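Good morning, everyone, and thank you for making time for this. I would like to take you through one protein chain at an unhurried pace, so please keep the picture in view while I talk.

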Amino acid sequence: RVVATRRGHRANRDRDFGELTATYAGKAFGLTVQASAANDRYGRSALGLLSGRERRAAGTLTWTPSETLSGYVDGGYQSRTSSQAGRYDAQSLVWMADIHDRYTHVGAGGHWTLGKWDYSADYTRAKADGDTAVGSSGGLTPFPVNQTAFDSYHLTVAYAKSDALTFRLRYVYQNYSAADWAYDGVGPSTLTNLLSLGAVVPQHTVNVFSVSFTYRYGKRVGGE
């Protein structure tokens, strides 16, 4: 927060929050669930942040039927909402803004060892959406939704030729995409009286194949 906000006693915050965590550990299955909630109030603030709210939930399920086989599934959700007010100078009208951001992610993976062969796979999906509405006390006008998405795959196959030598084949895929109204469709001379550099929202897709080997020198711990 800026110094002027602190001097004006507008940086106060009253928070009500709660958190819950539950864990289960079975013979082959394990489960962890977490959830939290928080409400913020800025009772003395005429300008700046007025209120805020945050909600979180996440969970992880693991499966380990044997020493050579395991898997997991996880996911999470987060929501953040805030309201704020401001003005350009002492004579201008007060503007209002409501911001609502949402984040979700899911993932799954597994690992399997079969003799000298070792297999593993992982998948991750993350997504974010942001809503912003700005206006005056008479009503707020929403901007287009900002969106971001990320996907990732990891596949690995390994072969243990001996205790010292292991060969490994790996494939990685990543895709990142985003939509941002502040950048999309805005070129160097799109807006009047504004000369921009034509920046764009990052977008990329990556495919990577790798072949490697590991050779260990010396004896293992235990004198083997």
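I will begin with the overall build, then turn to the surface and the largest pocket, and end with salt bridges and a few contacts between strands.

Before anything else, please keep in mind that what you see is a predicted model, and that the values I quote are computed from it.

Let us start with the order of the elements. The chain has one helix and ten strands, and if you read from the N terminus on, the pattern runs α-β-β-β-β-β-β-β-β-β-β, with the helix at the start of that list and the strands after it. There are 224 residues in the chain, and buried residues make up 18% of them.

Now for the surface. Which residues form a nonpolar patch there? They are Y24, F29, L31, V33, L61, W63 and V73, and together they have about 640 Å² of accessible area. Two elements, β2, which covers residues 29-41, and β3, give two or more residues each to this patch, and β2 gives the most, with three residues. One member of the patch that I would like you to find is Y24, whose place is in strand β1, residues 14-25. Is Y24 buried or exposed? Its relative accessibility is 52%, and because the cut-off for exposed is anything over 50%, Y24 counts as exposed.

From the patch we move to the largest pocket, which has a volume of about 230 Å³. It is lined by 15 residues, and the closest to its centre are G52, R53, R80, T81 and S82. The elements that give two or more residues to this lining are β3, residues 48-66, β4, residues 69-86, and β5, residues 95-114. The largest share comes from β3, with five residues, so that strand β3 is worth marking on your picture, since it also gives two or more residues to the nonpolar patch. What kinds of residue make up the lining of the largest pocket? Seven are charged, four are polar and four are nonpolar.Next come the salt bridges, of which a search of the whole structure finds six; I will show you three of them.

In one of these, R41 forms a salt bridge with D16, and the closest N and O atoms are 2.8 Å apart. This pair links distant parts of the chain, with R41 in strand β2 and D16 in strand β1, 25 residues apart. Both partners are in the middle class of accessibility: R41 is partly exposed, with a relative accessible area of 40%, and D16 is partly exposed, with a relative accessible area of 43%.

In another, the side chains of R102 and D131 meet, with 2.8 Å from N to O. R102 lies in strand β5 and D131 in strand β6, residues 117-136, so the pair ties together parts that are 29 residues apart in sequence. D131 has a relative accessible area of 25% and is therefore partly exposed.

The third one I have chosen joins D129 and K127, whose closest N and O atoms are 2.9 Å apart. Here the two partners fall into separate classes, because buried means under 20% relative accessible area: D129, at 15%, counts as buried, whereas K127, at 29%, counts as partly exposed.

To finish, here are three residues that have a partner some way off along the chain.

A133 is found in strand β6, and at 13% relative accessibility A133 counts as buried. The C-alpha atoms of A133 and H100 are separated by 8.9 Å, although the two residues are 33 residues apart along the chain.

A178 lies in strand β9, residues 165-179, and A178 also counts as buried, at 14% relative accessibility. How many residues apart along the chain are A178 and F150? They are 28 residues apart, and their C-alpha atoms are separated by 8.8 Å.

Finally, T148 lies in strand β8, residues 146-160, and T148 is partly exposed, with a relative accessible area of 26%. Its partner is Q203, which is 55 residues from T148 in sequence and 9.8 Å from T148 in space, C-alpha to C-alpha.

That is the end of my tour, and I am glad to go back to any part of it.

How values were computed
Residues are numbered from 1 along each chain as its sequence is written. This is a predicted model: local features need pLDDT of at least 70, side-chain atom pairs count only at pLDDT 80 or more; totals for chains, interfaces and linings use all residues. Side-chain values use heavy atoms; hydrogens and water are left out. On a 1 Å grid over the protein atoms alone, a cavity is a set of points where a 1.4 Å probe fits but cannot get out, and a pocket is an open set with protein on both sides within 12 Å along at least five of seven lines; lining residues have an atom within 4 Å of a point. Grid points are joined across faces, edges and corners, and a volume is the space filled by probe spheres set on the points. Helices (H or I, at least four residues) and strands (E, at least two) are DSSP runs, numbered from the N terminus. Ala, Val, Leu, Ile, Met, Phe, Trp, Tyr, Cys and Pro count as nonpolar, Asp, Glu, Lys and Arg as charged, and the others, Gly among them, as polar. Patches are made of residues with over 30% relative accessible area and no salt bridge: like charges are joined within 9 Å, nonpolar side chains (Val, Leu, Ile, Met, Phe, Trp, Tyr) within 5 Å. Accessible areas come from the Shrake-Rupley method with a 1.4 Å probe; for residues, only the protein chains shown count as cover. A salt bridge is a side-chain nitrogen of Lys or Arg within 4 Å of a carboxyl oxygen of Asp or Glu. Buried means under 20% relative accessible area, exposed over 50%, partly exposed in between (1.4 Å probe, protein chains only).
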